[in-house]
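Me: I am new to this structure and would like to learn how to read its inner spaces and the packing of its helices. Could you take me through them step by step?

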2 protein chains.
Amino acid sequence: MEDISKSDKYIYILRRRKRMATIVSPQHFSPVEDAENIKKACQGWGTDEKAIISILGHRNLFQRKLIRQAYQEIYHEDLLHQLKSELSGDFERAICLWVLDPPERDAHLANLALQKPVPDCKVLVEIACMRSPEDLLATRRAYRCLYKRSLEEDLASRTTGDIRKLLVATASAYKYHGEEIDETLAHSEAAILHDEILGKAVDHEETIRVISTRSSVQLCAILNRYKDIYGRSITKDILSHPSNEYLSALRAAIRCIKNPNRYYAKVLRNAINTVGTDEDALTRVIVTRAEKDLKKITELYHKRNNESLDQAIARETSRDYKAFLLALLGHGGI
Amino acid sequence: MEDISKSDKYIYILRRRKRMATIVSPQHFSPVEDAENIKKACQGWGTDEKAIISILGHRNLFQRKLIRQAYQEIYHEDLLHQLKSELSGDFERAICLWVLDPPERDAHLANLALQKPVPDCKVLVEIACMRSPEDLLATRRAYRCLYKRSLEEDLASRTTGDIRKLLVATASAYKYHGEEIDETLAHSEAAILHDEILGKAVDHEETIRVISTRSSVQLCAILNRYKDIYGRSITKDILSHPSNEYLSALRAAIRCIKNPNRYYAKVLRNAINTVGTDEDALTRVIVTRAEKDLKKITELYHKRNNESLDQAIARETSRDYKAFLLALLGHGGI
């Protein structure tokens, strides 16, 4: 059964996360003291952003949760509202995302992506394809609570055509999360993908079915078989078509499934290389991965670029926003 | 927020269920004694089916769960396996379904429907459209545990075309479950449904989107607007097309959403009127609804037919199977 040794698995995941996380948090801390110090930093003339960063930039998920609770109990106010009213710009957006619980945060990011004049499909694909089935479910639950509609409902009404099919199917999935692989099926479905992507298929129904329903380990097996049989990766074959929004989302989905860390390293690179820097993407990746696998992502980033992520961020960003991102990357702190 | 007064709502639902349920269960009972008496009934020459019915036919969900636990602890055997090895035919299938937890039961029913040479789409629609979002989710979780694949994965690989779109979308949804209605949207989406169903649409993409993503109260508003504006119900308009598998599943989905009790009364009527009786359908409805709204369903059944459901069952079924169904309908017991 899938549930056997769930607690062992959980401990293993926690340990692995700690190794791959970048943030540095103290073992002992006082939520009440932290809440009081944040309040102090918000009072009087101007705000003491440095103090806020030195606290929140060095507290893990559980600690931030306790600080938010303590803040609510002492001041009868949501810490998030306080921060929103005191801070501004990229720094405000980054620290508010950081204070949110991961499911709330993903729901918020998905909603922002859907609110744009042209929905930001890559963010939506990232959330749908990169999270574990349970995390995605928690995000859908948070979305329902926050917006009184379901995530798939908004996805389906804000997009159309193939991109809608892909987004709704991947975001609605509650995939099998075990380790079992069906090799025969991997073989036959690699052929199905090849036929649809390089053949003259009128639509990509089978491709979308496979990508959105097969478990991540099964999908990796399919993608490996694809390369074994046809000598090229599926992402390269997708590039042989004239690009469009759907194909680029499909490619993003496959890259998220195949190698999440490499995908994120590329998002960071694009965000930094864009003229003027894409702060939203930068914030999104750093905030959502700092407690998960940002160490691995920064290593990949360094290997593929001529500088470390820290150097790039120090060059491209400024002031409190820069200080906060660097704190999440492990600078300063205890 | 959706979660406010959840416990009040829960108590209300429990009370309402008790009023609408048919089974009769004692307030006081001993799970150990029940487990021992079931064991006794299974030992020696032949099985004492009457004893088994007199116990399990009169225990509610919570009580059955405790009996199954007690049985496991005392005899180191799953009660379900014991019953399967002792009993046979329709009676065995009915009592095993009854002993299963509702999410496991629905997962099992969905899997059975998918295993058929031609998948039984009506059963699948029923599960996808009739359960609350949380119950459907619990079913998907149970499906993943039992079959090591996701429900939508099997639905997508065992069906094709429009019926696949409808089934996968409705089964994957995690709908908003609150009371809020958007009347303007109801109006405009009623028009969308009308255009696709009576117009010359090449596909039903919007219809499937609306049915599978809008909340049940919103869908009822849409169906009401439809009738107000066009003077006929959407289910009647669907009937104006030559019937096919997809249209009949779509019609079933809409009827499930609109009036679950009436839908079930009709399923029972069809099951009883089929030559030889459709025992699977009969069992499914009685077992899944006996603790929920079977009283209401039997009232509707009686109104629409010239006899009570109890009379029809007494006539069409026999022996232990008959005795068990009648027990679930409230006969005998304490």
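**Cavities and helix contacts**

Reply: We can begin inside the protein, where the largest cavity holds about 550 Å³ of space. Please keep in mind that this is a predicted model.

Me: Which residues lie closest to the centre of the largest cavity, and which elements give two or more residues to its lining?

Reply: A cavity is read through the residues around it, which here means those with an atom within 4 Å of one of its points. The largest cavity is lined by 26 residues, and those closest to its centre are Lys165(A), Val168(A), Ala169(A), Lys165(B) and Ala169(B). Two or more lining residues come from each of α10 (151–158), α11 (161–172) and α13 (205–213) of chain A, and likewise from each of α10 (151–158), α11 (161–172) and α13 (205–213) of chain B.

Me: How does the lining of the largest cavity divide by class?

Reply: The lining of the largest cavity has ten nonpolar, six polar and ten charged residues.

Me: How many cavities of 30 Å³ or more are there, and what is the volume of the second largest?

Reply: The count comes to three cavities of 30 Å³ or more, and the second largest has a volume of about 50 Å³. Its lining is made by Ala110(B), Leu124(B), Ile127(B), Ala128(B), Leu136(B), Leu151(B), Leu155(B), Leu167(B) and Ala171(B). The elements that each give two or more residues to this lining are α8 (121–130), α10 and α11 of chain B, with α8(B) providing the largest share, three residues. By class, the lining of the second largest cavity has nine nonpolar, no polar and no charged residues.

Me: Are α8(B) and α11(B) roughly parallel or roughly antiparallel to each other?

Reply: The general idea is to look at the angle between the two helix directions, since angles under 35 degrees count as roughly parallel and those over 145 as roughly antiparallel. In this case α8(B) and α11(B) pack at an angle of about 30°, with their axes 8 Å apart, and they are therefore roughly parallel to each other. The crossing of this pair is left-handed.

Me: Which residues of α8(B) and α11(B) meet?

Reply: From α8(B), the residues Cys121(B), Leu124(B), Val125(B), Ala128(B) and Cys129(B) meet Ile163(B), Leu167(B), Thr170(B) and Ala171(B) of α11(B). By class, this contact of α8(B) with α11(B) divides into eight nonpolar, one polar and no charged residues.

Me: What are the angle and the handedness for α6(A) and α21(A)?

Reply: Helix α6 (residues 89–99) of chain A packs against helix α21 (residues 319–328) of chain A at an angle of about 30°, their axes being 8 Å apart, and the two are therefore roughly parallel to each other. The crossing of α6(A) and α21(A) is left-handed. On the side of α6(A), the contact is made by Asp90(A), Phe91(A), Ala94(A), Ile95(A) and Trp98(A), and on the side of α21(A) by Asp320(A), Tyr321(A), Phe324(A) and Leu328(A). This contact of α6(A) with α21(A) has seven nonpolar, no polar and two charged residues.

Me: At what angle do α2(A) and α3(A) cross, and how does their contact divide by class?

Reply: Helix α2 (residues 31–42) of chain A and helix α3 (residues 49–56) of chain A cross at roughly 160°, and their axes come within 8 Å. That makes α2(A) roughly antiparallel to α3(A), and their crossing is left-handed. Asp34(A), Asn37(A), Ile38(A), Ala41(A) and Cys42(A) in α2(A) meet Ala51(A), Ile52(A), Ile55(A) and Leu56(A) in α3(A), and by class this contact has seven nonpolar, one polar and one charged residues.

Conventions
Residues numbered from 1 in each chain as written. Chains lettered and ligands numbered in written order. Predicted model: local features only at pLDDT ≥ 70, side-chain atom pairs only at ≥ 80, totals over all residues. Heavy atoms only, no water. Axes fitted to C-alpha atoms, helices over the stretch in contact; angles between N-to-C directions. Helix = DSSP H or I, 4+ residues; strand = E, 2+ residues; numbered from the N terminus. Parallel < 35°, antiparallel > 145°, perpendicular 65-115°, else oblique. Left-handed = near helix turned anticlockwise from the far one by under 90°. Contact = heavy atoms within 4.5 Å. Nonpolar A, V, L, I, M, F, W, Y, C, P; charged D, E, K, R; others polar. 1 Å grid on protein atoms, 1.4 Å probe; cavity = no way out; pocket = protein on both sides within 12 Å on 5 of 7 lines; lining within 4 Å. Points joined across faces, edges and corners; volume = space filled by probe spheres on them.
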